[in-house]
Each structure stands twice: as C-alpha cells, then as structure tokens.
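I opened the notebook to follow strands, cores and cysteines in turn. The entries are in the order in which I looked things up.

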Amino acid sequence: MEPAMGGETPVSFSVSLGDDIDSRTISDGTGANTLKFAVFENGTEITALAQNNVPVVDKKATVTTRLVKGHTYSFVFWAQNSTCTAYDTNDMSAITVDYTAYCNDESRDAFYTMDSFTVEGAFEKPETLKRPFAQINFLADDAAGVVGVDAYKSQVTVTGVPTTLNTLNGSVAGSTNVTFDYATIPNETLAGYKDYKYVAMNYILAGTDKEMKNEVVLTVNDGTQDVNTVTVANCPVQRNYRTNIFGSLFTLQGKFNIEIDPIYQGEFILPEKVWDGVTKTAPALVDGVYTITNEDEMAYVFQNLETLCQAQTVNITNNLNMGKHAFNGIASLNGYNGTFKNLTINGNNHTIKGLVEPLIGSTWTGGTLAFNNLTIDESNIETTDNSIGFGAFVGNISCNKLTTMTNCHLTNSTVKGGKWTGGMYGYGAGYSTQNNGPVFSEIEITDCSTENCTIEAKGSVGAICGHATGDTWTLVTVTNFTATGNTITSTDDSNKKAGSLVGTTGAGGSEEIAGKRGGVYFNNMTYSKNTVTSNGTPIDRIYGRIGTPGGWFFVDGVQMPEVQ
C-alpha cells in the first residue's frame with residue numbers, strides 16, 4: 001500500500017553516465033567511479049538524505065531513498081574520480097573548481113545532472129549525467145616526424161574561466177585565469193582522426209551556450225626547452241562539447257583549424273571552418289540530388305544553381321561558414337530556360353554562417369521552391385540595388401506556384417538594402433498574364449523566426465518580408481513565427497513602411513481566381529523587443545500599412561484595418 005499524503009514513500013534512481021560516450025581512454029567516462037547525491041526542498045538541502053561515495057560501476061549506479069509524498073524536491077547527482085581533489089562538493093548547490101592542476105589530467109573528468117519534480121508515489125527513475133565542462137584539445141598532424149615525441153610536455157593557459165557551478169539552475173559564476181602546468185603529452189590519437197595525436201587535453205567549467213574565451217595558449221616543450229607556442233584568441237567553448245584545435249603543433253607556428261564537436265551523439269555540432277572565398281568544388285549529382293558537405297561545394301552549387309537545372313534537391317549535411325565571401329553570382333531560378341521548375345533545399349537542421357547575399361535572388365519558374373530546417377546565422381546580406389526585393393533566404397518570389405519555408409531561422413544577422421526587404425523574403429507576386437500564364441502564387445511560412453537581426457530597406461521592411469503580396473494573385477500564410485530583438489528600419493519618406501513582421505501587406509482578396517483568393521494570413525505570431533522605425537518615426541505595429549485598398553490582411557482570423 002502506498003502511504004497517504006505526508007507519509008514517506010520509497011524512490012529509486014538509476015544513474016548512467018551515458019552509453020554513447022566515445023570508447024577511448026581520454027573521455028571514455030570510466031574514470032568517474034564515485035557518485036554524490038543531494039536532495040533539496042525550496043532551495044535548502046535536506047542533509048539527512050545526502051549520500052556520498054555511491055559506487056559507479058561500468059558508468060552506472062543506483063540511488064535509493066525515502067521521500068514525503070506530495071512534496072516537491074530537486075535532486076543533484078555528481079560523479080567524479082575518487083582520487084580527484086579539484087572539486088569542492090561540501091555545498092552541493094554550488095560546486096567550486098580548483099584549477100591548480102597539471103595538463104592532460106583525465107582524473108578531472110566529472111558528470112552532473114539535476115532533476116526536480118513532485119513525488120506522487122513510489123517510483124524508479126533513470127537519470128543521465130553529462131559533463132558540466134568544455135574539453136579543450138590541441139591535436140597535431142606532424143607527430144610522426146618528431147623523434148622522442150612521447151617525452152614531450154605541454155602547458156595550456158586559459159583566460160576568463162568560471163569557477164562555480166550552480167547545480168540547481170545550471171548557471172556558472174566567477175572568473176579566473178588558469179594555467180594547466182607542464183605534463184607529458186597523452187600517448188593517444190583522437191578517435192576518428194587517426195593522423196592527429198593529442199598534444200594537450202583539459203577540462204574547464206562552461207555554460208550551456210557557446211562562449212568565446214579571451215585566449216587559450218599552448219606551449220610545447222621537448223623535455224628541455226619550449227619549442228612552440230600556439231595562441232588562439234577568442235576560443236569557442238560550450239558545456240559538454242569538445243573544442244578541437246588542429247594543426248602542425250610540433251614543427252610550425254601559424255595556421256590552425258578549430259572545430260567544436262559534441263562528446264555525446266545527437267547533439268549540435270559547431271564547426272568553425274571557414275570558406276576561403278576562392279575554392280569551389282562540384283559535388284556529384286545523384287538522382288537529381290546535390291549533397292553539400294562543405295563550404296567549397298556550397299559555393300559551387302549556389303553560384304551555378306540556375307545552370308544546374310537537372311537538380312531537384314539540395315541536401316546540406318554539415319554546418320557551414322562562408323566567411324563573408326561572395327559566391328560571385330546570386331542564384332536566380334528562371335523557368336524561361338525551359339528546365340528549372342521545382343527545387344527543395346534541405347538544411348537538415350544545420351546552420352550557414354557568413355553569407356553576404358541571399359541563398360536565392362529571385363524566382364520565375366511556374367514551379368515550387370522549398371526551404372526546410374535551415375538556419376542562417378551571423379551573416380551580413382546587403383545590396384546597393386534599391387529597386388529589388390531582398391531577403392536572407394530569397395529576394396523576389398515571382399511567378400512561383402508554391403514557395404514554402406519550414407523551420408527556417410535568421411539569427412544575429414544584417415539584411416540591408418533593396419526596395420522591399422525582409423528577414424525571410426523581400427517581395428512576393430503571382431503572374432496574371434493570360435497568354436503565357438497565369439500563375440497563382442502561394443507562400444507558406446511555418447515554424448520560422450527572425451531573432452536579434454538588423455533589417456533595413458529603402459522602402460517596405462519587416463522581420464518576415466518587406467512587401468508581402470504584389471497583386472491579387474498571391475496568397476501568403478504565416479504560422480508560428482517568432483520575431484524578437486530585431487532592429488527594423490525603413491529609410492523611405494513615409495512613416496508607414498515598417499512593421500515588426502511586415503512592411504506592406506499589399507494586394508490580395510479583391511477577387512477569386514481559379515477557386516483561390518489572395519491575401520495575407522498570420523496565425524499564432526510571437527513578437528517582442530523589436531525596435532521599428534519608418535522615416536524616423538517609431539512604429540509599434542506588426543505591419544506598416546495594408547498597401548492596396550481592398551487588400552486582405554488577417555491576424556488570427558481578425559481582419560486588420562488600413563493604417564490612418
């Protein structure tokens with residue numbers, strides 16, 4: 001029988017350090033052989049329930065205790081090597097780190113999690129612990145030519161390192177400059193990179209978001225004297241991620257590559273490789289699909305997209321950084337060549353950084369265009385042409401039967417210029433000419449966002465688009481869109497050309513065409529902390545103006561009036 005409210009009930013936690021940790025000596029997780037467990041209620045530890053030195057065997061442990069039914073608790077789990085003295089866990093709500101340490105000390109590997117819920121009765125619950133650290137690795141490709149390399153030593157210094165982990169909310173605090181003193185380099189290569197030998201490996205406390213540490217410095221010593229120093233300014237780190245710094249670290253000073261990858265499978269990978277602005281490589285076309293794996297292939301495909309008419313799908317399989325170099329040609333999809341009709345661009349939840357031009361300049365295909373699961377980040381997309389539609393994903397959408405954007409995002413970027421400018425697209429229109437048309441154009445945007453961006457136009461401007469519909473042959477539907485933290489500016493001489501979501505909604509709705517009616521329909525929109533001005537006038541609306549008399553603009557089913 002379960003106890004009544006207020007009585008104690010038995011509970012059990014099955015603790016795991018994760019089954020998908022890489023199998024290797026460094027970071028294989030097996031060094032964490034003891035677990036500490038703490039229970040908090042209303043932020044205060046119930047010390048009578050604390051458990052120390054719970055054995056961890058094969059990266060697993062079990063914790064059992066008794067709790068009062070109906071009470072809400074927070075549970076903190078911390079696993080580490082029993083010989084490590086780097087962590088002060090006397091206060092389990094604020095674990096502090098002592099960075100007095102030698103380089104390459106794998107015993108400093110540790111794992112943590114916190115869980116909080118109301119106890120409704122007896123239960124057994126699994127808990128997976130992850131590292132509260134970033135791991136900074138230096139790896140060399142020139143070790144094979146160095147005599148006595150296993151006797152070499154390394155030292156690493158890092159500035160601005162947090163010292164305290166708040167286990168109840170996961171935040172970090174404090175800041176110190178750290179020196180991991182000289183120690184023999186690991187006798188190991190990085191799993192998956194057989195030609196790269198570890199030169200240094202260290203753990204630092206880190207937050208859940210990517211941060212740029214001021215400076216990381218590696219010094220390599222041959223056992224007698226220092227032979228090389230490598231400095232990485234603004235080194236990226238993130239909790240439970242590795243920052244791998246590759247290069248010829250024994251013999252050369254100079255260029256090196258940085259890559260952040262996760263220790264656990266299925267987590268976001270943040271590559272820092274950058275396109276050189278010159279190299280372009282054509283990927284193979286297989287069954288109408290171009291698969292883009294690196295920046296060189298990205299540059300080739302999107303420079304030549306209009307001539308690669310046989311492609312129906314572009315799959316992006318990695319995060320890409322285009323280094324703010326131009327492709328030397330913005331892709332435009334033109335159906336006049338008789339071949340380009342339909343195109344799908346799949347981002348596969350990856351991010352493209354460093355763009356300076358839209359992915360697609362314009363469309364005139366009578367077909368379809370789809371963007372799926374793609375983020376554009378840290379880009380400066382600008383034009384001096386004040387007569388065009390301009391946007392991060394596509395500029396002008398014209399004469400396209402269907403254009404869709406699903407789970408697409410623009411973050412931390414600038415989109416500037418053009419007569420009609422938006423975060424997603426600039427201008428949309430159908431095509432009503434009867435003798436070589438017509439084309440009723442539909443634009444559907446779902447689960448997308450524009451966040452922390454600067455968007456500016458000479459005319460209409462908004463986080464979604466500048467001018468939504470250019471004629472009654474265009475239907476725009478936007479669902480679940482988020483616009484936050486943006487600066488949106490129209491430099492037009494009208495004070496009605498800017499809105500937090502759309503500058504001008506345009507035409508639509510005045511007539512039914514082939515069973516369809518144009519217009520603009522927004523549903524379930526989220527917008528906050530946007531600074532919007534038109535001709536210097538602050539705007540607190542989601543739209544600048546309706547545009548054409550009789551144009552239809554509905555928000556959650558309610559028709560919006562023209563701005564007076």
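**Parallel pairings**

I began with strand 30, which pairs with strand 34 (residues 394–398) in the parallel sense, over 4 bridges. The model is a predicted one, and I read every entry with that in mind. For a residue-level anchor I took Ile 360, whose bridge partner in strand 34 is Val 394.

Next I looked for another partner of strand 30 (residues 360–364). I found strand 28 (residues 332–334), joined to strand 30 by 3 bridges and running parallel. Here I noted Asn 334, whose bridge partner in strand 30 is Trp 364.

I kept a general reminder in the margin: strands of a sheet pair through backbone hydrogen bonds, either parallel or antiparallel.

**An open sheet**

I then turned to a sheet of 3 strands. It is open, with the order 33-37-42 and parallel pairing. Which strands stand at the edges? I noted strand 33 (389–391) and strand 42 (460–462). Each has a single partner strand, so one side of each is left without a neighbour in the sheet. I also looked up the turn between neighbouring strands of this sheet: on average it is 10 degrees, direction ignored.

For the pairing itself, I looked at strand 37 (residues 420–422) and strand 42. They run parallel and are joined by 3 bridges. Trp 420 has Ser 460 as its bridge partner in strand 42.

**Nonpolar cores**

I moved on to the largest nonpolar core, which counts 68 residues. Which of them touch the most other members? I wrote down Phe 302, Leu 359, Tyr 425, Phe 481 and Phe 522. Apart from this core lies another, of 54 residues; Val 156, Leu 190, Ala 206 and Leu 218 are among them.

I picked Phe 481 for a closer look, setting aside its neighbours within four places in sequence. Its contacts include Met 424, Ile 445, Cys 448, Ala 463, Ile 464, Leu 501 and Met 525. Ser 449, Thr 450, Asn 524 and Thr 526 are also in contact with Phe 481.

**Cysteines**

Last, I checked for disulfides. How many does the structure hold? I recorded 0. Cys 235 is in no disulfide, and the nearest cysteine sulfur, that of Cys 103, is 14 Å away. The cut-off for a disulfide is 2.5 Å between the sulfur atoms.

Is Cys 235 buried or exposed? I found Cys 235 buried, because its relative accessible area is 0%, and the cut-off for buried is under 20%. Cys 399 has 6% relative accessibility, so I entered Cys 399 as buried.

Technical notes:
Residues numbered from 1 in each chain as written. Predicted model: local features only at pLDDT ≥ 70, side-chain atom pairs only at ≥ 80, totals over all residues. Heavy atoms only, no water. Buried < 20%, exposed > 50% of the residue type's maximum accessible area, 1.4 Å probe, protein only. Core = buried A, V, L, I, M, F, W, Y, C linked by side-chain atoms within 4.5 Å. Contact = heavy atoms within 4.5 Å. Pairing = 2+ DSSP bridges. Helix = DSSP H or I, 4+ residues; strand = E, 2+ residues; numbered from the N terminus. Axes fitted to C-alpha atoms, helices over the stretch in contact; angles between N-to-C directions.
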